[in-house]
Amino acid sequence: MIIIFGATGDLTKRKLLPAINNLHKKGLIDCPVICIGRRDISNTEYIKLVGLKSSDSFSKLIHYFKTDLTESNNPLFVKFIKKEFKEHKCKGKLFYFAIPQKLFKPVIDLIKASKLLSGGWNRVVFEKPFGYDLVTAKELNKQVSTIFKEKDIYRIDHFLGKELVQNIQVLRFTNSIFEQMWSNEFIDNVQVIMDEKVLVGSRGGYYDNAGAVRDMVQNHAMQILSLIAMEPPKRMTNEEIIKEKIKVLKALKPVKPSDIVLGQYKGYRGERGVDPHSDTETFTALKFNINNDRWKGVPFYIRTGKALSKSLTEVNLVLKRVKSDLICKNEVPNIISIRIKPEEGVSIRFNNKLPGHGLETSPVKMDFCHRCLFDNNPEAYEVLIHEVFMGNKGLFTSWDEVVHSWKFIDDLLSKNGKVRKYERGSSGSMIARKLLSKDRREWVEIN
Ligand SMILES: NC(=O)c1ccc[n+]([C@@H]2O[C@H](COP(=O)([O-])OP(=O)(O)OC[C@H]3O[C@@H](n4cnc5c(N)ncnc54)[C@H](OP(=O)(O)O)[C@@H]3O)[C@@H](O)[C@H]2O)c1
């Protein structure tokens, strides 16, 4: 059984219900889905609101309940859940918190008071960001831990459900061409780019409190960075992989103020839900250094922002130039690109001789296009919700990872960089050009 708090919200409509519907179509979910919102609408109106058809078999599983979660006392849905759970012989309950963080505590109290945790397994799913900083994350974890054990707490970072993020380990640990060059011996710098064209849209209220660093770097960027930088685990178990990822987070050097770029797109202060005097950053570019033997001297540049010229998520590993006497015109560094969004794939850029006289080169690309070979890619939320049902925590953020990434991010945010304005539609490389040019490097722009 699935119980969604925040059932009329953006996340439920756009991501959760379509993912659960797909799992239902595949015969993987056949228990009631209890949808809790505060709007006074009927079940039929709700089904229409979330874009489903009453005639679909999935719609028959949906039960909408109106409840204000700040003032609920023994709400109607409690009795219903207990009855349906027995009747359908469900194996367990998945509680999905698709609500603002301020509602987490009232809902935890409600679950506790209504004794909803008896019978079968009980698992809870939280969205990112988990907390606002280390102090609030600890407070939240303490509250959740009063009713759920760590093994039953699933903290979503939906990037971990993406094929090409999961593929990072396969790429590294099953291919000698990659694994052998995965260190400062061959790699000059790593660039994690998560540019977005969209503005804050309807999420202004949330975003203005968070900003680009909390919204994207503390979770997605840190996950990608630790997967790229970790040492090979002793065994490919969740525990060993998490141990190695945490070692990377612990080895991050504090970021220098001169290595932090913050920006805000013009017009942001006029967005719905945003403070008209807000200094929240909608763009950031950062330089991280990892204090270990493998990555000594290799900067990791992170970049993310809204209202940019392109939407793309990718990791670029820029290789060192070959020490050679062969001088070719237009030679460029080799680049391994892992493309996560929108077109998933992996490519390698290398120099090739231009036909004709002389040694002039032209960069060319060997390209693996994921969609061209595999067309049955499930969406990240479908993968993740199925993993919760299976009780697999490998694609979720552990508490220790949350602690270490917040420690690092709290320190970074205490450095209070100046937030510069940028035009909507600017290129991320241009806004943060200096961060790399002072190191005599450039942002990769090949995809
Ligand atoms: N949307 C995304 O793409 C996304 C991505 C990553 C993480 N998240 C996280 O996911 C969570 C939900 O995000 P969202 O974008 O879906 O937010 P949202 O659109 O604002 O939806 C919030 C939901 O909570 C309900 N709600 C608010 N106050 C309530 C109350 N007092 N009693 C009962 N229900 C109440 C809302 O009801 P009404 O409809 O009546 O307002 C709505 O159903 C947040 O923690 C967010 O940070 C969202």
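Begin by selecting helix α1, residues 10–25, which contributes three residues to the shell around the ligand and thereby gives the most to that shell. Keep in mind throughout the tour that this is a predicted model.

**Stop 1: the ligand and its surroundings**

Now select the ligand together with the 21 residues around it, of which Thr-8, Asp-10, Leu-11, Arg-14 and Arg-39 come nearest. If you colour this shell by residue character, you will find eight nonpolar, five polar and eight charged residues.

Next, show the polar atoms and look at individual contacts. In the side chain of Thr-8, an N or O atom is 2.6 Å from an oxygen atom of the ligand, while at Gly-9 it is a backbone N or O atom that lies 3.0 Å from a ligand oxygen. Then move to Leu-69, where a polar backbone atom is 2.8 Å from a nitrogen atom of the ligand. On its own the ligand has 890 Å² of accessible area, and the protein covers 83% of this.

**Stop 2: strands β2 and β3**

Leave the ligand and select strand β3, residues 62–66, in which four of the five residues are buried, so the strand is largely enclosed by the rest of the structure. Add strand β2, residues 33–37, which pairs with β3 in the parallel sense over five bridges. To see how the two strands line up, pick Ile-34 and look across to His-63 in β3, which stands opposite. If you follow the chain from β2 to β3, you pass through helix α2, residues 43–49, and this β-α-β crossover is right-handed.

**Stop 3: strand β5 and its two neighbours**

Select strand β5, residues 121–126, where six of the six residues are buried, so this strand too is largely enclosed by the rest of the structure. Which residues lie on each of its two faces? On one side you will see Trp-121, Arg-123 and Val-125, and on the other Asn-122, Val-124 and Phe-126, so that both faces are covered.

Now add strand β4, residues 92–97, which runs parallel to β5 and is joined to β5 by six bridges. Here Phe-97 stands opposite Phe-126 in β5. Tracing the chain from β4 to β5 takes you through helix α4, residues 104–113, in a right-handed β-α-β crossover.

Finally, select strand β6, residues 153–155, which is parallel to β5 and connected to β5 by three bridges. Return to Phe-126 and find its bridge partner in β6, which is Arg-155. Together with helix α5, residues 134–145, strands β5 and β6 make a right-handed β-α-β unit.

Note on methods:
Residues are numbered from 1 along each chain as its sequence is written. This is a predicted model: local features need pLDDT of at least 70, side-chain atom pairs count only at pLDDT 80 or more; totals for chains, interfaces and linings use all residues. Side-chain values use heavy atoms; hydrogens and water are left out. Buried means under 20% relative accessible area, exposed over 50%, partly exposed in between (1.4 Å probe, protein chains only). Two strands pair if DSSP finds at least two bridges between them. A crossover is right-handed if, with the strands pointing away from the viewer, the path from the first strand over the helix to the second runs clockwise. A residue is near a molecule or strand if one of its heavy atoms lies within 4 Å of it. A polar contact is a pair of N or O atoms within 3.5 Å; within protein, one must be able to donate a hydrogen and the other to accept it, and residues adjacent in sequence count only if both atoms are side-chain atoms. Accessible areas come from the Shrake-Rupley method with a 1.4 Å probe; for residues, only the protein chains shown count as cover. Ala, Val, Leu, Ile, Met, Phe, Trp, Tyr, Cys and Pro count as nonpolar, Asp, Glu, Lys and Arg as charged, and the others, Gly among them, as polar.
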